[in-house]
Structure formats: structure tokens, C-alpha cells
Amino acid sequence: MLHRSILAAAITALPFISAQAQDKDRLTKPGAEQSVLAAIKSPDLTVVHLWAPWCSNCQAELKNGGWLKMVKDNPPVKFYFVSVWNDGGDGKSMLSKFQIADQPNVTILADTGPRRGPGSARIVTFG
């Protein structure tokens, strides 16, 4: 009986331990949030665009060429394209399709935050 109780307690604790490990990884590995926070603290002019490759409005913005024109016309400005709600994918292939990914003043990042269940409405918080 005691053996079963210990086993049940261990199984119950696994998700909690896993969540702690994921939180530790987020704190030790620089991700989108840390990169953008550093960028907006710099004296350089920075544009942060939160977008998703599957979003039809985001796709329309890319197709009309406005983002490419803005990036090319403003070389001193740093542009951060942060893909959100995309299961950790950065959307680089779509940005490449519209010639944005290879611009020298563009940084492509993926927000890997939780997107399902409790807290899923939270996109990104800085500072």
C-alpha cells in the first residue's frame, strides 16, 4: 500500500517537475522576449512586429510589399519579426518568400510561450 502511495505521488509530481524544467530553460536560454527587451532598451530605432504565418491579415501585409519596402527604405532601423501563436515556429520560410528574411536589418524570432490552455490569451509581455 505504501509503495502504491509513493508511486502515485511521484506520477502526480511529474508534470510539476517538467514545468519547472521548462521554466528554467526559458530563463537560461535567450528567447524572443529577452532579445526584444534588449533591442528596445538600445538607443537604436527598433520596430517589433508580432505576427503569425497562418494569419490571413499578416499574409496580406506581406503580399502587398509594404513590409519589404519599409525594411529596405530604412536601413538604420532594426526590424524584429516575432512569430506568435505558431507552436514555436519562426515563420522564416514565409518571410523568405517575400524577400524579408535576408535583409541585414531584420531579426526573425519565435515566441515559444504557452499557446494552449490556461494563460493562452497572453501573447508576450516585456519588462
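## Helix 2 and its covered side

A residue is called buried here if its relative accessible area is under 20%. With that in hand, take a look at helix 2, which spans residues 32-41 in this predicted model. Which of its residues are buried? They are Ala32, Val36 and Ala39. Viewed down the axis of helix 2, these buried residues fall within an arc of 60 degrees, so they line one face of the helix. There's a general rule behind this kind of pattern: an α-helix has 3.6 residues a turn, so residues three or four places apart point the same way.

And what do the buried residues of helix 2 pack against? Their partners are strand 1 (46-51), strand 2 and strand 3.

## The chain as a whole

Now step back a little. The chain has five helices and three strands, and starting from the N terminus they come in the order α-α-β-α-α-β-α-β. There are 127 residues, and 28% of them count as buried. The accessible surface adds up to about 8600 Å², with carbon and sulfur atoms holding 60% of that.

Contacts often link parts of the chain that are well separated in sequence: among contacts with a separation of 6 or more, 71% are between residues 24 or more positions apart.

## Strands 2 and 3

Strand 2 and strand 3 run side by side in the parallel sense, paired over five bridges. Along this pairing, Ser83 stands opposite Ala110 of strand 3. Put helix 5 together with these two strands and you get a right-handed β-α-β unit.

How many of the five residues of strand 3 are buried? Four are, so to speak, under cover, and strand 3 counts as mostly covered.

## Two nonpolar cores

The largest nonpolar core holds 18 residues. Those with the most contacts inside it are Trp51, Leu62, Phe79, Phe81, Leu95, Ile100 and Val106. Several elements chip in with two or more residues each: helix 3 (56-63), helix 4 (66-73), strand 2 (78-83), helix 5 (92-97) and strand 3 (106-110). Which one gives the most? That's helix 4, with three residues.

Phe81 is a good residue to click on. Leaving out residues up to four places away in sequence, Phe81 touches His49, Trp51, Trp67, Val71, Leu95, Ile100, Val106, Thr107, Ile108 and Leu109.

There's also a second, separate core, made of seven residues. Among them are Val36, Tyr80, Val82 and Leu109. Val36 should ring a bell: it is one of the buried residues of helix 2.

Definitions and conventions: Residues numbered from 1 in each chain as written. Predicted model: local features only at pLDDT ≥ 70, side-chain atom pairs only at ≥ 80, totals over all residues. Heavy atoms only, no water. Core = buried A, V, L, I, M, F, W, Y, C linked by side-chain atoms within 4.5 Å. Buried < 20%, exposed > 50% of the residue type's maximum accessible area, 1.4 Å probe, protein only. Contact = heavy atoms within 4.5 Å. Areas by Shrake-Rupley, 256 points an atom, 1.4 Å probe, with all protein chains shown as cover. Arc of directions from axis to C-beta. Pairing = 2+ DSSP bridges. Right-handed = clockwise from strand over helix to strand, strands pointing away.
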